Amino acid sequence: MVVTITGANDLQRKAALDMLVSQFVMEYGDIALERFDGEETSTERMRESIQSMPFLSSRKLVLLREPGKQKTFAEAIGEVLADIPESTDIIIYEPKLDKRSAYYKTLKKQTDYREFAELDAAGLAKWAVNYATEQGGRVSQADAQYMINRLGPNQQLLRSELDKLLAYEAQITRKAIDLLTEPLPQSTVFELLDAAFAGNIQRAFELYREQRALKVEPQAIIAMLAWQLHIVATVKAAGAMPADQIASTAKLNPFVVRKSQSIARKLTLVRIKELVNRLLELDLQLKRSSVDADEALQLFLLQFARGEQ
């Protein structure tokens, strides 16, 4: 058995690894398990372990974490796979793979390739509802979606926050979510951008003040606005392409792409370019002069929300 575990979903990827390792250890014992980190272990040492016979066990499992970081290992992957004894199982754990590489193509073709992608917004909300139920608690679909919008799509983080909320009270409410969780800066900046595009100046300023209360500096807000505009431009340029396809092609989170589509529909590519240029000018102005960063950025948001050139 040679299994490749990869994908952007940290939670599911780790769960798959833990399950395979625990099942093997339960049957053959810890002595039959060998672990190697590609950052710290040479190609020669990893290949030596793969090719050696089990000791005091009928089988052995070799767990390789990111072995592709050793260039010589990635280049020799075909030979490595061909030399595995019948008595040895291999797990190749590669969170990120370059899908243009020969290394990826060989793993995809010649191993039990298991890729765990991040869930989209609907899938995350459904998972959150089910997870809360499994833990003996409850959260509505609407409140689960509210939490995801507030915290972002990282499933590992969401599980940790769900555990905290369930320890507070079995019925997770929006009030408890606001009380016990901190919104991710990136998530709030998206809302800030959305409010500005909608011309909701009051809401945009409220969100800006929230960012500053979280000790997010103006330069960091500019950087996040630039990233959000980059995503909006990518989505706009993709035209009628489905969100999942855009995400796959541009290597973006499907959840983020879907949220950005609502903004992209309101803008032309020319307008997006204008906004990016103005944001660049603002960034340079703050770096080259002693203007008040908060005032300058809020003026930008005001002009932005009013649609001024």
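**Exercise 1. The chain as a whole**

How many helices and strands does the protein chain have? State also the extent of the chain and its share of buried residues.

*Solution.* The structure is a predicted model. Begin with the secondary structure: the protein chain contains 16 helices and seven strands. Next, take the extent along the principal axes, where the C-alpha atoms fill a box of roughly 75 × 45 × 40 Å. Then turn to burial: 46% of the 309 residues count as buried. Finally, consider the contacts with a separation of 6 or more; residues 24 or more positions apart account for 71% of them.

**Exercise 2. The largest pocket**

Describe the largest pocket by its volume, its lining and the elements that supply the lining.

*Solution.* Rolling a probe the size of a water molecule over the atoms shows where empty space is left.

Step 1. The volume of the largest pocket is about 1100 Å³.

Step 2. Its lining consists of 33 residues, and A8, E118, K251, L252 and N253 are those that lie nearest the centre.

Step 3. Sort the lining by character: 16 residues are nonpolar, nine are polar and eight are charged.

Step 4. Assign the lining to elements. At least two residues each come from helix 1 (10–28), strand 5 (112–115), helix 10 (185–197), helix 12 (218–237), helix 13 (243–250) and helix 14 (254–264). The greatest contribution is that of helix 14, with four residues.

**Exercise 3. The second largest pocket**

Which residues line the second largest pocket, and which elements give two or more of them?

*Solution.* Step 1. The second largest pocket holds about 150 Å³ of space.

Step 2. Its lining is made up of Y146, N149, R150, D178, P183, S187, T188, E191, R203 and E210. Two or more of the lining residues are given by each of helix 7 (141–151), helix 10 and helix 11 (201–213).

Step 3. By character, the lining divides into two nonpolar, three polar and five charged residues.

Step 4. One lining residue, Y146, has a further partner: the charged end of R174 sits over the ring of Y146, 4.4 Å from its centre. An arginine is also placed over a tyrosine elsewhere, since R65 lies over the face of Y93 at 5.1 Å from the ring centre.

**Exercise 4. Aromatic pairs**

Classify the pair Y104 and Y113 and the pair W127 and Y131 as stacked or edge-to-face.

*Solution.* A pair of aromatic rings is described by the distance of the centres and the angle of the planes.

Step 1. The whole structure yields three aromatic pairs. In one of them, the ring centres of Y104 and Y113 are 5.8 Å apart and the planes stand at 75°, so this pair is edge-to-face. Both Y104 and Y113 are buried.

Step 2. For W127 and Y131, the distance is 5.5 Å centre to centre and the angle between the planes is 25°, and the pair is stacked.

Step 3. Locate the second pair. W127 and Y131 are four residues apart in helix 6 (residues 121–134), so about one helical turn separates them.

Step 4. Test each for burial, which requires under 20% relative accessible area. W127 has 17% and is therefore buried; Y131 has 11% and is likewise buried.

**Exercise 5. The surroundings of Q155**

Is Q155 buried or exposed, and which residues does Q155 contact beyond its neighbours within four places in sequence?

*Solution.* Step 1. Q155 belongs to helix 8 (residues 155–168).

Step 2. Its relative accessibility is 5%, so Q155 counts as buried.

Step 3. With neighbours within four places set aside, the contacts of Q155 are N9, L11, Q12, L119, L124 and W127. Of these, W127 is the ring that pairs with Y131.

**Exercise 6. Positive phi in two loops**

Where do L56 and E66 lie, and how exposed is each?

*Solution.* Most residues other than glycine have a negative phi, and most peptide bonds are trans.

Step 1. L56 is not a glycine, yet has a positive phi of about 60°. L56 is placed in the loop between helix 2 (43–51) and strand 3 (60–65). With 66% relative accessibility, L56 counts as exposed.

Step 2. E66, also a residue other than glycine, has a positive phi near 50°. The loop between strand 3 and helix 3 (71–75) contains E66. Its relative accessible area is 26%, so E66 is partly exposed.

Technical notes: Residues are numbered from 1 along each chain as its sequence is written. This is a predicted model: local features need pLDDT of at least 70, side-chain atom pairs count only at pLDDT 80 or more; totals for chains, interfaces and linings use all residues. Side-chain values use heavy atoms; hydrogens and water are left out. On a 1 Å grid over the protein atoms alone, a cavity is a set of points where a 1.4 Å probe fits but cannot get out, and a pocket is an open set with protein on both sides within 12 Å along at least five of seven lines; lining residues have an atom within 4 Å of a point. Grid points are joined across faces, edges and corners, and a volume is the space filled by probe spheres set on the points. Ala, Val, Leu, Ile, Met, Phe, Trp, Tyr, Cys and Pro count as nonpolar, Asp, Glu, Lys and Arg as charged, and the others, Gly among them, as polar. Rings of Phe, Tyr and Trp (its six-membered ring) pair if their centres lie within 6.5 Å; planes under 30 degrees apart count as stacked, over 60 as edge-to-face and the rest as tilted. Buried means under 20% relative accessible area, exposed over 50%, partly exposed in between (1.4 Å probe, protein chains only). A charge sits over a ring if NZ of Lys or CZ of Arg is within 6 Å of the ring centre and within 35 degrees of the ring normal. Contact means heavy atoms within 4.5 Å.
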